[in-house]
Amino acid sequence: MILKTTAQTEAFGLYLGKKLKAYDVLALVGDLGTGKTTFVKALAKGMGLSSEVTSATFAILNIYEGELPLYHFDVYRLKDEDEFFDMGGEDMLDSGAVCAVEWADIIADSLPEDVLRLEFTRIDEDTRDVRATGFGPRGKELEEEVAAYENSRL
Ligand SMILES: Nc1ncnc2c1ncn2[C@@H]1O[C@H](COP(=O)(O)OP(=O)(O)O)[C@@H](O)[C@H]1O
Ligand SMILES: [Mg+2]
């Protein structure tokens, strides 16, 4: 799906945020500056969470508190997957919170089988492409939500 402006990426995040449920995991992939963080901030808003964020371990994890919390990981700075395990990452992915993981490929082996993978690509200064691939029953369901959103925009 083509996202022509930052606002379009935010609108997509807002939409998907409203669809999320406990234990949902989003694996975000894409180079620096492709819009992953922009997307997650809008996701939090869509989930009805305030922008008040608790930041830990040099922002490897930002927690948005709420009835259904959002754990926003950015694992770019992790040395390897063991470090993710040591910080309790795998347990946090399975704690019931919605989890959004930037640079998720780094911790690929720790991801659950049910996951929505969102791959962001930079097309030009203002344009991004996002590709959604769902794994497992819930991942597939979320992939369909993304497809429905794309169709509704046409
Ligand atoms: N269509 C777009 N979608 C998202 N961000 C965009 C878009 N066009 C330009 N940008 C800009 O690109 C940057 C993306 O930054 P960020 O969300 O932090 O990316 P990442 O987390 O992937 O490194 C922001 O400065 C944003 O304003
Ligand atoms: Mg980022």
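A backbone N or O atom of Thr5 sits 3.1 Å from a nitrogen atom of ligand 1, a polar contact in the sense of a pair of N or O atoms within 3.5 Å. This is a predicted model, in which local features need pLDDT of at least 70 and side-chain atom pairs count only at pLDDT 80 or more, while totals for chains, interfaces and linings use all residues. Residues are numbered from 1 along each chain as its sequence is written, ligands are numbered from 1 in the order in which they are written, and side-chain values use heavy atoms, with hydrogens and water left out.

Leu3 joins in too, with a polar backbone atom 3.2 Å from a nitrogen atom of ligand 1. On the side-chain front, an N or O atom of Lys36 comes to 2.7 Å from an oxygen atom of the ligand. Taken alone, ligand 1 exposes 570 Å², and the protein buries 74% of that (Shrake-Rupley areas with a 1.4 Å probe).

The shell around ligand 1 holds 16 residues, with Thr9, Gly33, Lys36, Thr37 and Thr38 coming nearest (a heavy atom within 4 Å puts a residue in this group). By class, the shell has two nonpolar, eight polar and six charged residues, Gly being counted as polar. Two elements, α1 (6-19) and α2 (36-46), give two or more residues each to this shell, and α2 gives the most, with three (helices are DSSP runs of H or I, at least four residues).

As for the space itself, ligand 1 takes up the largest pocket (more than half of its atoms lie within 2 Å of the grid points). A pocket here is an open set of points on a 1 Å grid over the protein atoms alone, where a 1.4 Å probe fits, with protein on both sides within 12 Å along at least five of seven lines; lining residues have an atom within 4 Å of a point. About 240 Å³ of space lies in this pocket. Its lining has 16 residues, and Gly33, Thr34, Gly35, Lys36 and Thr38 are the closest to its centre.

Definitions and conventions. A polar contact is a pair of N or O atoms within 3.5 Å; within protein, one must be able to donate a hydrogen and the other to accept it, and residues adjacent in sequence count only if both atoms are side-chain atoms. Grid points are joined across faces, edges and corners, and a volume is the space filled by probe spheres set on the points.
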